[in-house]
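Dear colleague,

Here is the structure I promised to hand over, and below it you will find my notes on what turned up in it. Please read them with the model open beside you.

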Amino acid sequence: MTIYCQLTESRRLDALHKLNLLDTPPSAAFDRITRMAAGMFKLPIAAISLTDTDRQWFKSRVGVEHTSIPRLRAPCGNVADCGELLVIPDLLEDAYFRDSPLAASGIRYYAGAPLITAEGHCLGAMCVLGKEPRDTTPQELAALCDLAGMVMAQIEMQHAMGRIDPLSGLPNRNQFLEDFQDLQRDRPAGEQRLAVLINLTTPEQLSHAARAMDPSYLDELVTDAARWLRSEVGPSRRVYHVTTTQFALIALPGTTLDAYLPLLEAKMARAQCIAKSRYVATPTVGIAPFEIGNADCLDVLRRAQSAAHDAIDAHAHIAIYSEAEDTLYQRRFTLLNDFGAALESKDQLRLVYQPRIDITTGSCIGAEALLRWNHPTLGAIGPAEFIPVIERSGMAHATTAWVLATAMRQQRHWRDLGLCLQLSINVSAANLLEPGFAAALGAGLRECDLPPDCIELEITESAIMVQPLKAHAMLDAIAASGVRLAIDDFGTGYSSLSYLQRMPADVVKIDQSFVIGLEDDIRKQALVATMITLSQDLGHRVVAEGVECEEVLTFLRLAGCDEAQGYMFARPMEAEVFSGWCRVPAAAIPVRSAQPHYACQT
């Protein structure tokens with residue numbers, strides 16, 4: 001077989017497999033056409049014969065018990081090869097077919113009309129067979145071709161009825177739901193089964209591809225994946241195309257995780273090599289065990305999808321559904337869903353304030369505004385739980401706007417009372433990419449009649465790294481307006497020194513992971529001392545976060561650190577408590593020369 005013929009046959013088989021007709025149950029619509037063919041020709045045998053790799057499989061048949069015969073020397077195979085009508089008046093008189101299995105079984109007459117798709121691929125034949133030689137009239141041949149056309153119309157109609165994905169040619173989610181219900185009904189209750197979901201690419205890779213490539217890129221990824229899955233699973237098994245880049249299947253009865261995982265690992269290792277080289281994609285697999293008679297189809301599918309995303313998060317090929325991880329994710333989703341209402345409510349969100357202390361004088365010279373959430377049913381939600389969720393969502397802009405407006409109003413109130421402090425506010429990566437952020441910040445300051453330098457924005461290195469050029473342009477605009485900037489969590493990023501050099505920052509805040517336990521850790525002491533010296537040499541004021549004991553404070557003072565923040569001085573406080581705390585020297589700061597700081601020079 002020439003390379004061209006091999007390619008043509010490969011495409012023909014792909015077209016056939018996409019239709020998912022092979023090894024499917026009988027259909028009354030097809031059986032009706034087959035009976036009509038046998039009646040028209042007054043012959044005992046008629047069939048709708050689909051030509052697979054090495055067999056002729058009968059989607060419908062009359063007068064024959066078996067469902068398939070070998071493709072070798074089968075007349076329908078020749079029809080599939082040439083895509084033309086074939087009539088053999090007497091197989092025993094035909095030089096090629098006289099030695100065929102069909103002739104050996106007693107068949108003498110054959111007539112077959114090609115089943116051709118709109119793309120020109122021949123799937124097989126609408127055929128009639130007899131045990132006696134006979135001639136065929138032109139009218140009979142025309143009728144046989146009409147019947148073949150009816151078969152193709154039925155195939156195309158079924159394909160278009162919302163059960164087959166037009167791109168991959170695989171059964172879609174609707175078919176998965178229907179087949180899952182059949183499985184629940186047909187298999188014994190209590191049987192343990194495995195649902196497998198194949199995720200082709202991570203959300204980030206999909207987003208980047210959508211921006212950089214034309215739509216055919218995704219089409220090719222999906223069609224290649226569908227072809228690979230069909231070849232791996234085999235013609236007797238169903239693979240479902242359940243979302244744009246996700247496929248699902250149900251493992252065979254009796255399959256155990258212990259036996260199945262090594263097989264999947266080997267297959268996924270090969271798949272990842274192909275995907276990464278051709279598509280810069282990272283496929284993952286999620287496995288969801290379930291019990292027949294005690295499983296909801298959509299929930300099983302959701303669990304498998306959850307496991308596939310767990311695999312992405314763990315940088316693994318495969319993950320098994322974890323109820324603990326799923327519960328955690330559902331809680332995060334609940335929080336995200338409810339946060340919009342929290343922004344609109346008057347009593348769920350509030351700011352608390354943690355003092356920043358001048359290490360030399362012991363005075364409180366500033367505060368960091370920290371967001372807190374009291375959920376109406378879940379109670380107090382820690383910021384470490386809800387803030388990362390919000391920052392990755394579309395609500396990051398609205399959240400920062402709420403925090404800025406609330407903090408500026410509080411700053412105005414304090415200044416009216418004569419309490420002048422630097423107020424630090426955290427902003428996210430999303431804000432640095434927000435075109436009107438600097439302008440909105442300036443408008444808020446003007447509305448509250450605040451000088452720009454009484455507000456300080458804290459930005460993490462990771463926030464800048466999302467889109468460095470846009471982020472730095474925004475930071476330059478903010479700095480030009482007079483608002484102060486601080487590098488938050490310094491030392492935890494990937495390129496701390498380069499950001500120190502490039503970012504127009506006034507303050508560097510050393511992350512608490514370097515400060516907590518510093519009193520007993522010589523390496524931490526060396527690192528912190530170096531950070532302080534380097535930052536100050538570049539013109540930055542240095543704040544140490546997480547100060548909890550006198551020994552650490554003493555080290556920081558000797559190392560020349562400018563400010564400290566931590567539980568040693570005070571936990572975050574409500575606004576009213578904070579202003580009172582600042583006015584009472586005895587309750588303030590356990591360092592030498594502790595002084596209140598509330599005189600405002602205006």
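The largest nonpolar core of this predicted model has 78 residues, and those with the most contacts inside it are Phe-339, Leu-457, Ile-459, Val-547 and Leu-556. A nonpolar core is here a set of buried Ala, Val, Leu, Ile, Met, Phe, Trp, Tyr and Cys residues joined through side-chain atoms within 4.5 Å, where buried stands for under 20% relative accessible area, exposed for over 50%, and partly exposed for what lies in between (1.4 Å probe, protein chains only). If residues up to four places away in sequence are not counted, Phe-339 touches Leu-349, Leu-371, Trp-373, Phe-386, Ile-390, Met-395 and Thr-399, contact meaning heavy atoms within 4.5 Å. Apart from the largest core lies another one, of 27 residues, among them Leu-43, Val-151, Met-152 and Ile-155. As background, in soluble globular proteins nonpolar side chains tend to be buried together.

Before going further, please keep in mind how the values were made. Residues are numbered from 1 along each chain as its sequence is written, and side-chain values use heavy atoms, with hydrogens and water left out. Since the model is predicted, local features need pLDDT of at least 70 and side-chain atom pairs count only at pLDDT 80 or more, while totals for chains, interfaces and linings use all residues.

Next come the charged pairs. The structure holds 33 salt bridges, a salt bridge being a side-chain nitrogen of Lys or Arg within 4 Å of a carboxyl oxygen of Asp or Glu. One of them joins Arg-356 and Glu-456, whose closest N and O atoms are 2.6 Å apart. Arg-356 lies in strand β12 (residues 349-358) and Glu-456 in strand β16, so this pair ties together parts that are 100 residues apart in sequence. (Helices, H or I with at least four residues, and strands, E with at least two, are DSSP runs numbered from the N terminus.) Arg-356 is buried, with a relative accessible area of 3%, and Glu-456 is buried too, with a value of 0%. Both residues belong to a network of salt bridges that links Arg-356, Asp-358, Glu-456, Arg-484, Arg-541, Asp-562 and Glu-563.

A second pair is Arg-227 and Asp-14, whose side chains meet in a salt bridge at 3.6 Å, N to O. This pair links distant parts of the chain, with Arg-227 in helix α8 (residues 216-233) and Asp-14 in helix α1 (residues 3-18), 213 residues apart. Arg-227 counts as partly exposed, at 37% relative accessibility, whereas Asp-14 is buried, with a relative accessible area of 12%. In a further salt bridge, Asp-186 pairs with Arg-185 at 3.5 Å between the closest N and O atoms, and both Asp-186 and Arg-185 are exposed.

Arg-356 also appears among the contacts of Gln-565, a residue of strand β20 (residues 563-565). Is Gln-565 buried or exposed? Gln-565 is buried because its relative accessible area is 3%, which falls under the limit of 20%. Its side chain makes a polar contact with the side chain of Gln-354 (3.1 Å); such a contact is a pair of N or O atoms within 3.5 Å, where within protein one must be able to donate a hydrogen and the other to accept it, and residues adjacent in sequence count only if both atoms are side-chain atoms.

Helix α2 (residues 28-41) and the loop after it also deserve a look. Phe-41, found in helix α2, is buried, with a relative accessible area of 2%. Leaving aside neighbours within four places in sequence, Phe-41 is in contact with Tyr-109, Val-128, Arg-134, Thr-136, Glu-140 and Leu-144. Met-36, which lies in helix α2 as well, is partly exposed, with a relative accessible area of 34%.

Lys-42 has its place in the loop between α2 and β1 (45-51), and at 73% relative accessibility Lys-42 counts as exposed. Its phi is near 50°, a positive value in a residue other than glycine. Most residues other than glycine have a negative phi. Asp-449, in the loop between α15 (437-447) and β16 (455-460), also has a positive phi, near 55°, and is exposed, with a relative accessible area of 60%.

With best wishes
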